[in-house]
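I opened this notebook to keep track of what I looked up, one entry at a time, for a reader who has not met this structure before. The entries follow the order in which I went through the model.

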Amino acid sequence: MDLTITADGRLQVAGPAGAPVVFHPIWLRERLPDPAVIDPQTGQRLEEAAETPQDLRVTAATVDGTISFSDGCSGPLPAAWLASALGAGAAPGMGAALGMGAPGPAHVHWDGTLHPADFPRADLADVQSSPAALGALLDGLDAYGFAVVRGVPIEMDGGLRLADLLGPIRVTNWGGMADVKAIPNAYDLTMTPRHLEPHSDNPYRDPVPGYILLHCLQNDADGGDSTLVDGFHAAAILARDNPDAFHTLTTTDVTFRYHDDTAFLQHDCPLIACNAAGDVVQVRYNNRTEMVGRLPVGQLDRYYAARAAFWALIAPASPLTLRFRLQPGELLMMDNYRLFHGRTGYSLASGSRHMRQCYMDRDTVGSRRRLLRTA
Ligand SMILES: [Fe+2]
């Protein structure tokens, strides 16, 4: 591994593809595998990185030797650590120590033509007995935004058998595992036989529940098929075909609200949220609970047009809509930051439709996925 120190004191290393990679001296220094810098037990930083001299320079460096800096400090420079920094086969634990984390699989954008044979899916017994199978399931969930688990016991809290493998469920004011079936005096349209337009769940909460675990106990009524839309795919199409609408939906906060006798939940946020790099990280759509503020009329013109353009992409007639039928004993796990879900209406005259669902937070599921990947 060829090292060069540039004229301005930065470390240059030949990368995996031969292209030089230049490391900032402070970047190296603040994560150096030196017990004076990083606590060996916790992997957490001991030095106050923000107090590192801004003009820090590398003065000498040898692979599997020492790296020295202009303020007189020095530390070890293991080859495996440097290789990890280059992204060339991280040594065990090194990725985390470098602050790089475990990368997730790339998102696979899909549409209504996705064949059921290509759904990420697994049997509960397999993911219970095999960490590798559970890791593969979570990788599929990360890539596609949903996964189907079969063989889940058809009992009231059978869905918790999967949740128990991942971590604690998100308990809300409605409890933990809750019924999704038509009832008299429904407090939410979910609890009626009415069709449900594509939506994300509970956008009025902060944080929004990360994942929905929907467990099918009975589904023999006429109708009641599940629908899914890849909201990231829809957002990408909007950004490509209608950048003004995309900009409007990423920069206009709307209010989502749920209010009853015991809860007043409200979250002001955009329909499409991006990170600092401009990548879409969350989509929201919930016609039942969304209200936009009394913005200047010109701004409202733009918002209503942009909302209509987004809706056209995710509406039931859109080619992005995937439709299928959950069978008893199947559990559909959905990324509530990425997918819009819905259902066709159903008739109680011919049978019944009974689902149970609970939520999990994103850090709970993400933590399990990363642990399984680094095991
Ligand atoms: Fe829902």
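**Entry 1: the six-stranded sheet**

I began with an open sheet of six strands, and I noted their order as β7-β8-β20-β11-β23-β9, with mixed pairing. I then looked for the edges and found β7 (121-123) and β9 (178-180) there, each with a single partner strand, so one side of each has no neighbour in the sheet. From one strand to the next, I noted an average twist of 25°. I should record here that the model I am reading is a predicted one.

I followed the edge strand β9 to its partner, which is strand β23 (residues 353-360), and the two pair in the antiparallel sense over three bridges. Which residue of β23 is the bridge partner of Ala178? I found that it is Gln357.

I also looked for what lies across this sheet, and I came to helix α5 (residues 131-144), which lies across β7, β8 (146-150) and β20 (331-335). Its direction is at about 145° to that of β8.

**Entry 2: the chain as a whole**

I stepped back to take stock of the chain, and I noted ten helices and 23 strands in it. Along the principal axes, the C-alpha atoms fill a box of roughly 80 × 55 × 40 Å. The chain has 375 residues, and buried residues make up 34% of them. I also looked up how far apart in sequence the contacting residues are: of the contacts between residues at least 6 apart, 71% join residues at least 24 apart.

**Entry 3: two helices that cross**

Next I turned to helix α7 (residues 231-241) and helix α9 (residues 297-314), whose axes come within 10 Å and cross at roughly 130°. How does α7 lie relative to α9? At that angle α7 is oblique to α9, and I noted the crossing of the two as right-handed.

I then listed the residues that meet there, which on the α7 side are Gly231, Ala234, Ile237 and Leu238, and on the α9 side Ala309, Phe310, Leu313 and Ile314. Sorted by class, the residues of this contact are seven nonpolar and one polar, with no charged residues.

**Entry 4: strand β21 and its partners**

I looked at strand β21 (residues 339-343) and found it mostly covered, since four of its five residues are buried. β10 is joined to β21 by two bridges, and the two strands run antiparallel. Which residue of β21 stands opposite His199? I found His341 in that place.

On turning to strand β13 (residues 226-230), I counted five bridges that join it to β21, again with the strands running antiparallel. In this pairing, Ser226 stands opposite Arg343 of β21.

**Entry 5: backbone details in the loops**

I went on to the loop between β10 (196-199) and β11 (211-219), where Pro207 has its place. The peptide bond that joins Asp206 and Pro207 is cis, with omega at about 0°.

Asn202 also has its place in the loop between β10 and β11. I noted that its phi is near 50°, which is a positive value in a residue other than glycine. Is Asn202 buried or exposed? I counted it as buried, because it has 23 C-beta neighbours inside 10 Å, and 20 or more are needed for that.

Asp64 is found in the loop between β4 (58-61) and β5 (65-69). The phi of Asp64 is near 60°, a positive value in a residue other than glycine. I put Asp64 down as exposed, because it has 12 other C-beta atoms within 10 Å, and a residue with 12 or fewer counts as exposed.

**Entry 6: the three-stranded sheet**

My last entry concerns an open sheet of three strands, in the order β1-β2-β3, whose pairing is antiparallel. Its edge strands are β1 (3-5) and β3 (20-23), each of which pairs on one side only. The twist from one strand to the next averages 25° in this sheet.

I looked more closely at β1 and strand β2 (residues 11-14), which run antiparallel and are joined by three bridges. Where I looked up Thr4, I found that its bridge partner in β2 is Gln12.

Note on methods. Residues are numbered from 1 along each chain as its sequence is written. This is a predicted model: local features need pLDDT of at least 70, side-chain atom pairs count only at pLDDT 80 or more; totals for chains, interfaces and linings use all residues. Two residues are in contact if their C-beta atoms, placed from the backbone, lie within 7 Å. Two strands pair if DSSP finds at least two bridges between them. Axes are lines fitted to C-alpha atoms, for helices over the stretch in contact, and angles run from 0 to 180 degrees between N-to-C directions. Angles under 35 degrees count as roughly parallel, over 145 as roughly antiparallel, 65 to 115 as roughly perpendicular and the rest as oblique. A crossing is left-handed if the near helix is turned anticlockwise from the far one by less than a right angle, and right-handed if clockwise. Ala, Val, Leu, Ile, Met, Phe, Trp, Tyr, Cys and Pro count as nonpolar, Asp, Glu, Lys and Arg as charged, and the others, Gly among them, as polar.
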